Every structure is written in C-alpha cells, then in structure tokens.
Amino acid sequence: DMPDEVTIWEVGPRDGLQNESEVVPPAVKLEFLNRLADAGLPVVETTSFVHPKWVPQLADAAEVLDGLSRVDGVRYPVLVPNERGLDRALASGVHDVAIFASATETFTRRNLNRGLDEQFAMFDPVVRRAVTEGLNVRGYVSMVFGDPWEGPVAVDQVVSVGKRLLDMGCGQLSLGDTIGVATPGHVETVIRAFVAAGVPLHRLAVHFHDTYGQALSNTCAALRLGVSTVDASAGGLGGCPYAGSATGNLATEDLVWMLDGLGIRHGVDLRALVDTSVWMAGQLGRPSPSAVVKALAR
Ligand code: HMG
Ligand code: MG
C-alpha cells in the first residue's frame, strides 16, 4: 500500500554538490541550505566529514555547519566514514550522521580505500559511539542494483551488507542505486528480500540516481510496497566522484510533482523549491536537468 505521507530526504547540498568540480563558496552553500529548509524540506543532508583530498568540494564542512541558521524541526545530517569524521561532526554540533557502505568489493576499495569486509570494522566504532552520543544514524548501501566494474550485484549480498549495518545500530538503511541502472521490477525484488529478512519497511529508504531516466518509476515501485522515505536532490544535481557513470539523483521537484498527483503528503512548497533550483543552476552556470523544473521555471 502507498504511504499517506512521505519524508523527502534532500541530498542536493551533499550528493549534488560533491560531484561539482568547481568549488562552490560556503556562502552559496549556506543560501542553498537555508532556501531548501525554508521550502519545507524536513531533512537536508548538509555535507560530509570525509578526507578533504577525496572530496575537495566539501572540505569546508565545519565552516558551513558553523554558518548554518538551523530551522526548527529540520534535520541536517552529514556523512561520516570513520572516527575522525565523527570527531569532526561532533565538534560541529550535528545530531544526525550517515555512514556509507558498499555492496561490492570494487566500490568499497575505490570509495573507502578498504575491502568489503574491512568497511564494517571502520563503521562499527563510529555507529557505536554515535548511538551512545544520542545521534540518529543512517546507513547507506551503495551499488545495490549494479556496479560499473562488477556488473550485476547479488540480492543476497546486498541484504547481508544492509543487515550488518542495521545490526550495528543504524536506525535506517538507504538503498543506493549509485549509477542509476535499476528498473522497477528489480527494486521490488530487493525490497521484498529485505522484508523477507525481517527488516521493517519504515527502516528502509530509497536513493535513486537518474542516469537511465528510471529514478521516478523506481521510486513509485518502492512507494507501492510501502517505503516512505525517499532521497532526492533539488534540481537533480549530483553524482558520485568515485563512480564515473553516476549522474544526478532523482530531482526533488519530479518527486514532489508525482507525490502531489498521488495525493501523498510531503510538506514541500514546490514553487519555492523550483525557484531555489533555478537560482542554484545560475550559480553553477548550467540548467537543471529536471523536467519539472524546466516546465515550471519562470
Ligand atoms: P584513507 O586514506 O584510507 O584514510 O581514506 P586513513 O584512515 O588511512 O587516514 C589517512 C589520513 O587521512 C590520516 O591523516 C587521517 O587523519 C586522515 P594523517 O595521519 O596521515 O595526517 N583522515 C581524515 N581527515 C579528515 N576527515 C576524515 C578523515 N579520515 C582520515 N574523515 C577515507 C579513507 C574513508 C577517509 C577516504 O576513503 C574518504 O574520505 N572517502 C570518502 C569518499 C566519499 O566521500 N565518497 C562520496 C560519498 S559516497 C556516495 O556518494 C554514495 C551515496 O550517495 C549513496 C549512493 O548513491 O549509492 C551515499
Ligand atoms: Mg548518491
């Protein structure tokens, strides 16, 4: 059954910007974050405390959090790969963190400089300490639907990685189609496999990239099964610098348009969101790829 209400997990400032080669000034990031929160997005993933050499675009994470005027009721999660990242996040006063695992050996090496099994040893103390500190912890799984180097990824392997993150203490799992190769039937198979493994639907989120134009259809498949947290990026910004074939995320505007049509509550002001994406596209010097932004831009 479709949910009555969906939580949109906005990832534009993190997943969107991390792939931009030109460094965006902190003041522009802050305006972007503030406009997204003002548009009614309940969760705005803000930045990453990763190694600054790996993602130079987000090297200003502490400065951005320091300048943020937090809107009441809005959550501002950040990515942390390891204990050093968690230390930095705690020093910046965050309440929500996300670790990011991979379902495949090759991507774990390329993204985290570790093997598939070694990644858990890195995350375990992070999750443990974050939970003790009272933070909400999300666990991403990347390459859930396919890997650019390994090809197809076994559903069992995906479920096993996801279960390990939940057992570690992650409150929610976000299933990442990092390179956008998923199709709706595959989405259904993966979600059903998690449910069969005893994972309740409210602990699952979906994270689709739109490389092959399937992100919205895939989201609809997940909603039909009862998933109610959906990741999206304003204007469809995005990609992953360590996965060459990854392009932007599902555009938040496209998601909002579909949710409106389905009568599913989300709390976002579409007009304010489109204006924000048009403004951001101007900052980046490139139009938004979102069909809904194009249709509604004035
Ligand atoms: P490493 O080189 O193996 O790190 O990188 P290390 O633990 O060996 O440490 C080496 C040095 O780095 C040390 O300094 C550490 O202090 C420092 P030294 O002692 O040599 O002076 N260091 C750090 N400095 C600042 N912040 C830190 C940090 N950690 C270590 N957090 C590491 C391992 C995980 C750090 C690195 O691989 C990394 O930063 N990776 C991040 C890659 C990334 O951000 N990828 C994009 C996000 S994932 C994604 O986009 C997918 C997603 O959207 C879902 C989907 O679409 O599927 C989430
Ligand atoms: Mg992503």
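Two residues are in contact if their C-beta atoms, placed from the backbone, lie within 7 Å. Keep that cut-off in mind for the exercises below. The model is predicted.

**Exercise 1. Find what covers helix H9.**

Task: Which residues of H9 are buried, and what covers them?

Solution.
Step 1. Locate the helix. H9 takes in residues 215-225.
Step 2. Pick out its buried residues. They are Ala-215, Asn-218, Thr-219, Ala-221, Ala-222 and Leu-223.
Step 3. Look for the elements in contact with them. The cover includes strand E7 (172-177), H8, strand E8 (204-208), E9 and helix H10 (252-262).
Step 4. Check how the helix is followed. Next comes Gly-226, with a positive phi near 110°.

**Exercise 2. Describe the packing of H8 on H9.**

Task: At what angle do H8 and H9 pack, and which residues meet?

Solution.
Step 1. Take the axes. Helix H8 covers residues 184-196, and its axis lies 8 Å from that of H9. The angle is about 35°.
Step 2. Give the hand. The crossing of H8 and H9 is right-handed.
Step 3. List the H8 side. Pro-184, Val-187, Glu-188 and Ile-191 make the contacts.
Step 4. List the H9 side. Ser-217, Asn-218, Ala-221, Ala-222 and Leu-225 receive them.
Step 5. Look at the spacing. An α-helix has 3.6 residues a turn, so residues three or four places apart point the same way.

**Exercise 3. Lay out the sheet.**

Task: What is the order of the strands, and which strands stand at the edges?

Solution.
Step 1. Count the elements. The protein chain has twelve helices and nine strands.
Step 2. Write the order. The open sheet of nine strands reads E2-E1-E9-E8-E7-E6-E5-E4-E3, with parallel pairing.
Step 3. Find the edges. E2 and strand E3 (47-48) each have a single partner strand, so one side of each lacks a neighbour in the sheet.
Step 4. Start from the E2 end. Strand E2 (residues 43-44) is joined to E1 by two bridges. Glu-10 stands opposite Val-44 there.
Step 5. Move on to E9. Four bridges join strand E1 (residues 7-10) to strand E9 (residues 229-232). Thr-7 has Thr-229 as its bridge partner, and Ile-8 faces Val-230.
Step 6. Go on to E8. Two bridges link E8 with E9, and Val-206 is partnered with Val-230.
Step 7. Visit E6 and E7. Four bridges join strand E6 (residues 136-142) to E7. Gly-139 stands opposite Leu-173.

**Exercise 4. Sort the residues of E9 by direction.**

Task: Which residues of E9 point one way and which the other?

Solution.
Step 1. Recall the rule. In a regular strand the side chains alternate between the two faces of the sheet.
Step 2. Apply it. Thr-229 and Asp-231 point one way, Val-230 and Ala-232 the other.
Step 3. Check burial. All four of these residues are buried.

**Exercise 5. Explore the nonpolar core.**

Task: Which residues touch the most other members of the largest nonpolar core?

Solution.
Step 1. Start with the general trend. In soluble globular proteins, nonpolar side chains tend to be buried together.
Step 2. Name the best-connected members. In a core of 84 residues, they are Val-80, Val-97, Ile-99, Val-141 and Val-144.
Step 3. Ask which element gives the largest share. Strand E5 (residues 96-102) gives five residues.
Step 4. Zoom in on Val-141. Beyond four places in sequence, its contacts include Ala-101, Val-158, Val-161, Leu-165, Leu-173 and Leu-175.
Step 5. Add the helix. Helix H7 (residues 155-168) lies across E5, E6 and E7, at about 165° to E6.

**Exercise 6. Compare two positive phi values.**

Task: Are Asn-113 and Met-143 buried or partly exposed?

Solution.
Step 1. Recall the background. Most residues other than glycine have a negative phi.
Step 2. Read the angles. Asn-113 has a positive phi of about 60°, and phi of Met-143 is near 60°.
Step 3. Place them. Asn-113 sits in the loop between helix H5 (105-112) and helix H6 (118-132). Met-143 sits in the loop between E6 and H7.
Step 4. Count neighbours. A residue is buried if 20 or more other C-beta atoms lie within 10 Å of its own. Met-143 has 30, so Met-143 is buried. Asn-113 has 13 and is partly exposed.

**Exercise 7. Judge the whole chain.**

Task: Which radius of gyration would a compact globule of 298 residues have, and what does the chain have?

Solution.
Step 1. Take the expected value. A compact globule would be near 19 Å.
Step 2. Compare. The protein chain has 17 Å, which agrees.
Step 3. Add the burial. Buried residues make up 47% of the 298 residues.

Definitions and conventions. Residues numbered from 1 in each chain as written. Chains lettered and ligands numbered in written order. Predicted model: local features only at pLDDT ≥ 70, side-chain atom pairs only at ≥ 80, totals over all residues. Core = buried A, V, L, I, M, F, W, Y, C linked by C-beta atoms within 7 Å. Buried ≥ 20, exposed ≤ 12 C-beta atoms within 10 Å, placed from the backbone. Rg over C-alpha atoms; globule rule 2.2 N^0.38 Å. Pairing = 2+ DSSP bridges. Axes fitted to C-alpha atoms, helices over the stretch in contact; angles between N-to-C directions. Left-handed = near helix turned anticlockwise from the far one by under 90°.
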